[in-house]
Amino acid sequence: MEAIMRVASKKGVVIFSKSSCCMCYAVKILFHELGVNPLIHELDQDPEGREMEKALMRMGCNTPVPSVFINGEFVGSTNEVMSLHLGGSLLPLLRPYQALP
């Protein structure tokens, strides 16, 4: 859990991902299309990745990746992010981190 929070606090928007995950790719593309350059932490390329996956599951993630943190707070995985986006609630959360207004 400590490793997760350490990484999640490095930047305003952090996505825990796996390089081979298609849902992770979709979330990364969404954020880039919205003008946000998140910190992408690829768990499959981190020696602590397995432990971090377990910690994400203990935090309540149904699936450990993608896991999105905004301003150090856990937002959710693909379903939660897409629901926020479709409901119009994601952009206000991301506005401080957008490259363009």
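In the predicted model, lysine 18 is partly exposed, because its relative accessibility of 22% lies above the limit of 20% under which a residue is taken as buried. Glutamate 53, by contrast, has a relative accessibility of 15% and therefore counts as buried. The side chains of these two residues form a salt bridge, with a distance of 3.1 Å from N to O. Lysine 18 is located in the loop between strand S1 (13-17) and helix H2 (22-33), whereas glutamate 53 belongs to helix H3 (residues 49-58), so the pair ties together parts of the chain that are 35 residues apart in sequence.

The salt bridges of the model number 4. Side chains of opposite charge can pair when their charged atoms come close. Another of these contacts joins glutamate 42 to lysine 28, with 2.8 Å between the closest N and O atoms. This pair likewise links distant parts of the chain, since glutamate 42 is found in strand S2 (residues 39-42) and lysine 28 in helix H2, at a separation of 14 residues. Glutamate 42 and lysine 28 are both buried.

A salt bridge is also present within helix H3, where the side chains of lysine 54 and glutamate 51 meet. The distance from N to O in this pair is 3.5 Å. Lysine 54 and glutamate 51 are 3 residues apart, so about one helical turn separates them. Lysine 54 has a relative accessible area of 44% and is therefore partly exposed. Glutamate 51, at 47% relative accessibility, is likewise partly exposed.

The strands are arranged in an open sheet of 4 members, in the order S2-S1-S3-S4 and with mixed pairing. The edges are formed by S2 and strand S4 (73-76), each of which pairs on one side only. On average, neighbouring strands of the sheet are turned by 25° against each other, direction ignored. Strands of a sheet pair through backbone hydrogen bonds, either parallel or antiparallel. Strand S3 (residues 67-70) and S4 run antiparallel and are joined by 3 bridges. In one of the pairings between these strands, isoleucine 70 has glutamate 73 of S4 as its bridge partner. Helix H2 packs on the sheet, where it touches S1, S2 and S3. The direction of H2 makes about 160° with that of S1.

With regard to the overall architecture, the protein contains 5 helices and 4 strands. Read from the N terminus, these elements follow the succession α-β-α-β-α-β-β-α-α. The radius of gyration is 13 Å, close to the 13 Å given by the globule rule for 101 residues, so the protein is as compact as a globular protein of that length. Along the principal axes, the C-alpha atoms fill a box of roughly 35 × 25 × 20 Å.

Of the 101 residues in the protein, 45% are buried. Among the contacts with a separation of 6 or more, 62% are between residues 24 or more positions apart. The protein exposes an area of about 5800 Å², of which carbon and sulfur atoms supply 55%.

Note on methods. Residues numbered from 1 in each chain as written. Predicted model: local features only at pLDDT ≥ 70, side-chain atom pairs only at ≥ 80, totals over all residues. Heavy atoms only, no water. Helix = DSSP H or I, 4+ residues; strand = E, 2+ residues; numbered from the N terminus. Buried < 20%, exposed > 50% of the residue type's maximum accessible area, 1.4 Å probe, protein only. Pairing = 2+ DSSP bridges. Axes fitted to C-alpha atoms, helices over the stretch in contact; angles between N-to-C directions. Contact = heavy atoms within 4.5 Å. Rg over C-alpha atoms; globule rule 2.2 N^0.38 Å. Areas by Shrake-Rupley, 256 points an atom, 1.4 Å probe, with all protein chains shown as cover.
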